[in-house]
Amino acid sequence: MTAAVTVIIASRNEEPRIAASVESAFAAGAAEVLLADGASEDATRAIAASRGATVIECPPMRSRQFNTAAAAASHPALVFLHADTTLPPGAAAAVAAALGGGALFGGFRLRFAESTRGLRFTAFMINLRTSITRCPWGDQAQFIGRETFLSEGGFREIPIMEDYELALRMKRRGRSVLLPRCVTTSGRRFLQGGLVRTTVLNWTIIAAWRLGVGAERLARWYGS
């Protein structure tokens, strides 16, 4: 069943993963899939278009890509999806029902595509954290009403922490929810950087952000 939901996927050089992401959005019941592409140099755009997505070319920066595509979306509910993440069946209807039932903002539970013991524990901790804080991060497929998103100014156009900042802002505005269905995302950063090191880095960046460290400096830390 199709729901009045636009899924926006931000991408840059995601050729190996973009087909699965787009296909999952349509299979989840999205009425529209927009690919906000930040100057990919591979076949990302062509693959996404071949799977039915509408491609919107944007300057690279995920927050800016999402904002540009949200302004062009045709439907009242928006889901922001990372290119290495897939939605579960029925996700669009679940989003529409949550927003129609009074939620202002939300996201999904998470699991990793790579089934290792360490990543399963990491996913458990992420889901536990989100069930307590009601602040889902970007890799949990954040969703919001289009009118609310645009009236609130969308994502802050910063190189990192735009998802966390939006989650905090929306939590202050109204009810945020965590849907029980799981998105599936890549654990590649945890596997490449090491589970402990990556987790410590993530929480260090969050703490530094809350203490007022600038996003540009945090982006350098995250990319190092």
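**Notebook: the sheet and what packs on it**

I began with the sheet, which is open, has 8 strands with mixed pairing, and follows the order β3-β2-β1-β4-β7-β6-β8-β5. For the edges I noted β3 (54–57) and β5, each of which pairs on one side only. I keep in mind throughout that this is a predicted model.

Next I looked up the helices on the sheet. Helix α3 (residues 62–72) packs on it and touches β1, β2, β3 and β4, and its direction makes about 150° with that of β1. Helix α7 (residues 162–173) also packs on the sheet, where it touches β6, β7 (143–145) and β8, and here the angle I noted is about 135° between its direction and that of β6.

**Entry on β1 and its partners**

How many of the 9 residues of β1 are buried? I found 8 of them buried, so I recorded β1 as largely enclosed by the rest of the structure. I then went through its pairings, beginning with β2, to which β1 is joined in the parallel sense over 7 bridges; within this pairing, isoleucine 8 has leucine 34 in β2 as its bridge partner. With β4, β1 again runs parallel, and 6 bridges join the two; there I found threonine 6 standing opposite leucine 78 in β4.

**Entry on α1**

Following the chain from β1 through α1 to β2, I noted a right-handed β-α-β unit. Within helix α1 (residues 18–27), I listed the buried residues as Ile18, Ala19, Ser21, Val22, Ser24 and Ala25. What covers these buried residues includes β1 (3–11) and β2 (30–37), along with α2 (44–50), β4 (77–82) and β5 (85–86). Just after α1 I stopped at glycine 29, which takes a positive phi of about 100°.

**Entry on β6 and β8**

I turned to another part of the sheet, where strand β6 (residues 105–112) and strand β8 (residues 176–185) run parallel and are joined by 8 bridges. As one marker in this pairing I wrote down glycine 107, whose bridge partner in β8 is leucine 178.

**Entry on glutamine 65**

I came back to helix α3 to look at glutamine 65, which lies in that helix. Is this glutamine buried or exposed? Its relative accessibility is 4%, and because buried means under 20%, glutamine 65 counts as buried. Leaving aside neighbours within four places in sequence, I found glutamine 65 in contact with Ala10 and Ser11, with Ala36, Asp37 and Gly38, and with Cys58, Pro59 and Pro60. Ala10 and Ser11 fall within the range of β1 (3–11), and Ala36 and Asp37 within that of β2 (30–37).

**Entry on the whole chain**

Last I looked up the chain as a whole, whose secondary structure comes to 10 helices and 8 strands. What radius of gyration would a compact globule of 224 residues have? The expected value is near 17 Å and the chain has 16 Å, which agrees, so I noted the chain as consistent with a compact globule. Along its principal axes, the C-alpha trace spans about 40 × 40 × 35 Å.

Of the 224 residues in the chain, 52% are buried. Among contacts with a separation of 6 or more, I noted that 75% are accounted for by residues 24 or more positions apart. For the surface, I recorded about 10100 Å² exposed by the chain, with carbon and sulfur atoms supplying 55% of it.

Conventions: Residues numbered from 1 in each chain as written. Predicted model: local features only at pLDDT ≥ 70, side-chain atom pairs only at ≥ 80, totals over all residues. Heavy atoms only, no water. Buried < 20%, exposed > 50% of the residue type's maximum accessible area, 1.4 Å probe, protein only. Helix = DSSP H or I, 4+ residues; strand = E, 2+ residues; numbered from the N terminus. Contact = heavy atoms within 4.5 Å. Pairing = 2+ DSSP bridges. Axes fitted to C-alpha atoms, helices over the stretch in contact; angles between N-to-C directions. Rg over C-alpha atoms; globule rule 2.2 N^0.38 Å. Areas by Shrake-Rupley, 256 points an atom, 1.4 Å probe, with all protein chains shown as cover. Right-handed = clockwise from strand over helix to strand, strands pointing away.
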